[in-house]
Amino acid sequence: MIFSSFRRSEQDQIWVGMAKETAHQLGTPLSSLMAWTGLLEAIDDVPRDYLVEMNRDIERLNVVVDRFSKIGSKPELKPHVVADIIESTVTYMRPRISSKIELTFDVEDSARGLQARLSPSLFSWVLENLIRNAVDAMDGSGSISLLLQLNAGGGVSLLVRDTGKGIPKARWKEVFAPGYTTKSRGWGLGLSLVKRIIEEYHEGKIFIKDSKLGEGTTFVIQLDPPTN
């Protein structure tokens with residue numbers, strides 16, 4: 001038991017160290033890019049639409065740096081309307097996945113306007129990972145649906161369903177372990193990161209509700225209502 005706790009602590013230190021070093025390494029070229037775009041904006045011959053796209057990518061990189069820098073430290077959580085963050089993330093992801101995959105988001109009437117204490121950038125990261133994971137589980141086409149509901153405890157439940165390959169029940173818990181992957185490339189950190197952000201940083205829950213081979217998988221995220 002002691003060895004297991006020590007091993008977990010050691011793994012956590014490596015995880016946090018890699019995340020913060022990544023944020024640090026990205027910081028320098030990102031600052032340089034911001035300076036270069038500032039200079040380009042002063043040149044009349046540079047097309048404005050090019051600069052708009054460059055600034056959009058720089059803004060995105062800033063979000064990535066912010067996310068990595070938060071790993072290992074308790075993020076500041078504030079009440080946010082959950083549906084707004086989900087809608088924003090789905091809008092961002094929709095043009096970035098195959099047009100043959102339908103990505104939808106619905107909110108039950110009872111969940112409209114409901115809040116939870118969140119770090120928007122980290123929660124959005126969770127959603128992006130789940131969506132990308134669902135895309136990877138398909139053979140180029142299918143559907144991903146997100147449904148926000150009020151749960152029995154007064155908080156929210158988000159169901160993320162896909163029509164992918166499915167996961168054998170014996171592996172439902174294993175998919176959240178670091179290193180688990182069915183892909184030939186990648187480190188298998190996506191779902192492990194998702195679990196850490198939801199359960200350790202937001203004190204919520206994430207689990208597989210249902211999965212059938214050849215039919216798809218449903219993940220559930222549960223978040224408590226904000227306390228006064």
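Along strand β3 (residues 115-118) of this predicted model, the side chains alternate between two faces. Ala116 and Leu118 point to one face and are buried, while Gln115 and Arg117 point to the other and are not buried. This follows a general pattern, in which the side chains of a regular strand alternate between the two faces of the sheet. Strand β3 belongs to a protein chain with 5 helices and 7 strands.

**Overall architecture**

- Read along the sequence, the protein chain has the pattern α-α-β-α-β-β-α-β-β-α-β-β.
- The protein chain has 228 residues, of which 36% count as buried.
- Among contacts in the protein chain between residues at least 6 apart in sequence, 71% join residues at least 24 apart.

**Strands and their pairing**

- Strand β3 runs antiparallel to strand β1 (residues 78-81), and 4 bridges join the two.
- Within this pairing, His80 stands opposite Ala116 in β3, and Ala116 is on the buried face of β3.
- Strand β2 (residues 101-107) has a covered face made up of Ile101, Leu103, Phe105 and Val107. The uncovered face of β2 holds Glu102, Thr104 and Asp106.
- Strand β2 runs parallel to strand β4 (residues 142-150), with 7 bridges joining them.
- Ile101, from the covered face of β2, stands opposite Gly142 in β4.

**Surroundings of Leu158**

- Leu158 has its place in strand β5 and is buried, with a relative accessible area of 3%.
- Leaving aside neighbours within four places in sequence, Leu158 is in contact with Ile86, Leu127, Leu146, Leu147, Leu148, Phe219, Val220 and Ile221.
- One of these contacts, Leu127, is among the buried residues of helix α4.
- Leu158 and Asp106 are 52 residues apart in sequence, and their C-alpha atoms are 9.9 Å apart in space. Asp106 is on the uncovered face of β2.

**Helices α2 and α4**

- Helix α2 (residues 48-70) has 23 residues, which should span 33 Å at 1.5 Å a residue; the end C-alpha atoms of α2 are 33 Å apart, so the two values agree.
- The buried residues of α2 are Leu51, Ile58, Val65, Arg67 and Lys70.
- Helix α4 (residues 120-136) has 17 residues and reaches 24 Å from its first C-alpha to its last, close to the 24 Å expected at 1.5 Å a residue.
- Helix α4 is mostly covered, with 12 of its 17 residues buried. Among them are Ser121, Phe123, Trp125, Glu128 and Ala134.

**Salt bridges**

- The count comes to 5 salt bridges. In general, side chains of opposite charge can pair when their charged atoms come close.
- Glu128 and Arg132 form one salt bridge, at 3.6 Å from N to O. These two residues are 4 residues apart in helix α4 and therefore separated by about one helical turn.
- An α-helix has 3.6 residues a turn, so residues three or four places apart point the same way.
- In this pair, Glu128 is buried, at 2% relative accessibility, whereas Arg132 is partly exposed, with a relative accessible area of 39%.
- Another salt bridge joins the side chains of Asp109 and Arg112, at 3.2 Å from N to O. Asp109 counts as exposed, at 67% relative accessibility, and Arg112 is exposed too, with a relative accessible area of 52%.
- The side chains of Glu76 and Lys78 also meet in a salt bridge, at 3.6 Å from N to O. Glu76 is exposed, with a relative accessible area of 60%, while Lys78 is partly exposed, with a relative accessible area of 44%.

**Aromatic pair**

- The count of aromatic pairs is 1. The rings of Phe176 and Phe219 have their centres 6.1 Å apart and their planes at 85 degrees, so the pair is edge-to-face.
- Phe176 lies in the loop between β5 (156-162) and α5 (190-201), and Phe219 lies in strand β7 (residues 216-223), so the pair ties together parts that are 43 residues apart in sequence.
- Phe176 and Phe219 are both buried.
- Lys195 lies over the face of Phe176, at 5.3 Å from the ring centre.
- Phe219 is also among the residues in contact with Leu158.

Methods
Residues are numbered from 1 along each chain as its sequence is written. This is a predicted model: local features need pLDDT of at least 70, side-chain atom pairs count only at pLDDT 80 or more; totals for chains, interfaces and linings use all residues. Side-chain values use heavy atoms; hydrogens and water are left out. The expected span of a helix is 1.5 Å times one less than its number of residues. Buried means under 20% relative accessible area, exposed over 50%, partly exposed in between (1.4 Å probe, protein chains only). A salt bridge is a side-chain nitrogen of Lys or Arg within 4 Å of a carboxyl oxygen of Asp or Glu. Two strands pair if DSSP finds at least two bridges between them. Rings of Phe, Tyr and Trp (its six-membered ring) pair if their centres lie within 6.5 Å; planes under 30 degrees apart count as stacked, over 60 as edge-to-face and the rest as tilted. A charge sits over a ring if NZ of Lys or CZ of Arg is within 6 Å of the ring centre and within 35 degrees of the ring normal. Contact means heavy atoms within 4.5 Å.
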